[in-house]
Amino acid sequence: MTAAACGLTSGSPMVDDVEPGTIGRGEPLKGAKLTVTSKSFTEQLILGAIMGIAFEAAGAEVVDRTGIQGSIGSREAVVKGEADAGYEYTGTAWITYLGHSDPIVDPHEQWEAVRKEDAGNGVTWLPPSRLDNTYALAMNQANHRKYRTNTLSEVAALSKSDPSAVTLCVEVEFANRADGLRGMEKTYGMDVPSRNITQMDTGIIYTQTAKGSCTYGEVFTTDGRIKSMHLVVMDDDKHFFPNYNAAPMINTKALKKWPAIPDVLDPITKKLDNAVARELNAKVDVDGEDPHQVALDWLKQEGFVK
């Protein structure tokens, strides 16, 4: 993993001793040398490993270029052909890469719009999973009992009736994204003064929210720490946050050369949902397991590989 994190020029071979299970029978990718990429956070490392191991089981040689910092790096690797594939999120593509300001509420229509527009960039999107890793605000049990908010509309109402009650812990990126804090405040009519907003690293947000250092913390809906820390997630009742469904993003030239790729990935993608993601993410973020090993164990447990 460490070599892969250095940037687009590095990458190490995946060397898992795996055979086809329910996917990859007949090794349809034998002779292929495929580079798999991902971003650097836990879920992406797991998804990148899942994809790479699946390709291995189908007979491919796989170069591991997972763990690239930031959103743009792994995306550009696929666009430029420096990597062949990775799991990406439909909302990120629509808002961040394709430059739209308004998300599409229906998840399948959101994917379809991304698939159609991104085809012009030499990128093919395979069918999406139900895994929807979108933003949310969450609070600990004590604050939930105290303030009784369950929706973002109720948080907005609280910000007006008791301004000091609404304190936020958020990431720097969330604080500055149109589909993050600013857009959320505008949509819900929230007015949180800057003194009530603290910017910090993702991992610290969960611990500070659990402690009650801030009333609400920005979380990702598939993060395993939500369950382990007993946090209560606020419902996005106006559907402000985009759908961030994970789907395989494939370099179109690589797909034309190796048309069996969808047959290998589709059954796996169909199995991915928020419950699976929370469980796998918790194994890394809560239990301290290795993301690649978590991916391999899950693929074996589901019978995808042997």
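This section describes the confidence, strand pairing, helix packing and selected residues of a predicted model.

The chain averages a pLDDT of 94, and 97% of its residues score at least 70. An exception is found over residues 1–8, where pLDDT stays under 50 and for which the model has 20 contacts beyond four places in sequence. Where pLDDT is low, the predicted coordinates should not be read in detail. The contacts listed for residues 1–8, a stretch with pLDDT under 50, are accordingly reported here as a count, without further description.

An open sheet of 5 strands is present, in which the strands follow the order S8-S7-S9-S6-S10 and the pairing is mixed. Its edges are formed by strand S8 (197–199) and strand S10 (232–233), each of which pairs on one side only. Strands of a sheet pair through backbone hydrogen bonds, either parallel or antiparallel. Both senses occur around strand S9 (216–220), since S9 runs parallel to S7, to which it is joined by 2 bridges, and antiparallel to S6, to which it is joined by 4 bridges. In the parallel pair, Cys169 has Gly217 of S9 as its bridge partner, whereas in the antiparallel pair Ala136 is matched with Val219 of S9. Strand S6 (residues 135–139) is also joined to S10 by 2 bridges, again in the antiparallel sense, and here the bridge partner of Met139 is Val232 in S10.

Strand S9 is mostly covered, with 4 of its 5 residues buried. Helix H9 (residues 202–211) lies across S6, strand S7 (168–170) and S9, and runs at about 135° to S9.

Strand S11 (246–251) takes part in further antiparallel pairing. Strand S4 (residues 85–89) pairs with S11 over 5 bridges in the antiparallel sense, and within this pairing Glu88 stands opposite Ala247 of S11. Strand S5 (residues 123–125) is likewise antiparallel to S11, the two being joined by 3 bridges, among which Val123 has Asn251 in S11 as its bridge partner. Because 6 of the 6 residues of S11 are buried, this strand is largely enclosed by the rest of the structure.

Residue Val78, which is located in helix H2 (residues 70–80), has contacts that include residues of S11. With a relative accessible area of 0%, Val78 is buried. When residues up to four places away in sequence are left aside, Val78 touches Thr37, Ala83, Asp84, Ala85, Gly86, Met249, Ile250 and Asn251. Asn251, one of the residues touched by Val78, is also the bridge partner of Val123 in the S5–S11 pairing. In addition, the C-alpha atoms of Val78 and Thr35 are separated by 9.1 Å, although these residues are 43 positions apart along the chain.

The packing of helix H1 (residues 42–57) against helix H13 (residues 274–285) was examined next. The axes of H1 and H13 come within 9 Å and cross at roughly 110°, an angle that falls in the range of 65 to 115 degrees, and the two helices are therefore roughly perpendicular to each other. On the H1 side the contact involves Thr42, Glu43, Ile46 and Ile50, which meet Ala277, Leu280, Asn281, Val284 and Asp285 of H13. Thr42 lies in H1 and, at 15% relative accessibility, counts as buried, because this value is under 20%. Beyond residues up to four places away in sequence, Thr42 touches Asn281, Val284 and Asp285, and its side chain is joined to that of Asp285 by a polar contact of 2.7 Å.

Finally, two histidines were considered for their backbone geometry. Most residues other than glycine have a negative phi, and most peptide bonds are trans. His230, by contrast, has a positive phi of about 60° although it is not a glycine, and the phi of His239 is likewise positive, near 55°. His230 is placed in the loop between helix H10 (225–228) and S10, while His239 is found in the loop between S10 and S11. The relative accessibility of His230 is 54%, and this residue counts as exposed; His239 is exposed as well, with a relative accessible area of 54%.

Technical notes
Residues are numbered from 1 along each chain as its sequence is written. This is a predicted model: local features need pLDDT of at least 70, side-chain atom pairs count only at pLDDT 80 or more; totals for chains, interfaces and linings use all residues. Side-chain values use heavy atoms; hydrogens and water are left out. Buried means under 20% relative accessible area, exposed over 50%, partly exposed in between (1.4 Å probe, protein chains only). Contact means heavy atoms within 4.5 Å. pLDDT is the predictor's confidence in each residue, from 0 to 100. Two strands pair if DSSP finds at least two bridges between them. Axes are lines fitted to C-alpha atoms, for helices over the stretch in contact, and angles run from 0 to 180 degrees between N-to-C directions. A polar contact is a pair of N or O atoms within 3.5 Å; within protein, one must be able to donate a hydrogen and the other to accept it, and residues adjacent in sequence count only if both atoms are side-chain atoms. Angles under 35 degrees count as roughly parallel, over 145 as roughly antiparallel, 65 to 115 as roughly perpendicular and the rest as oblique.
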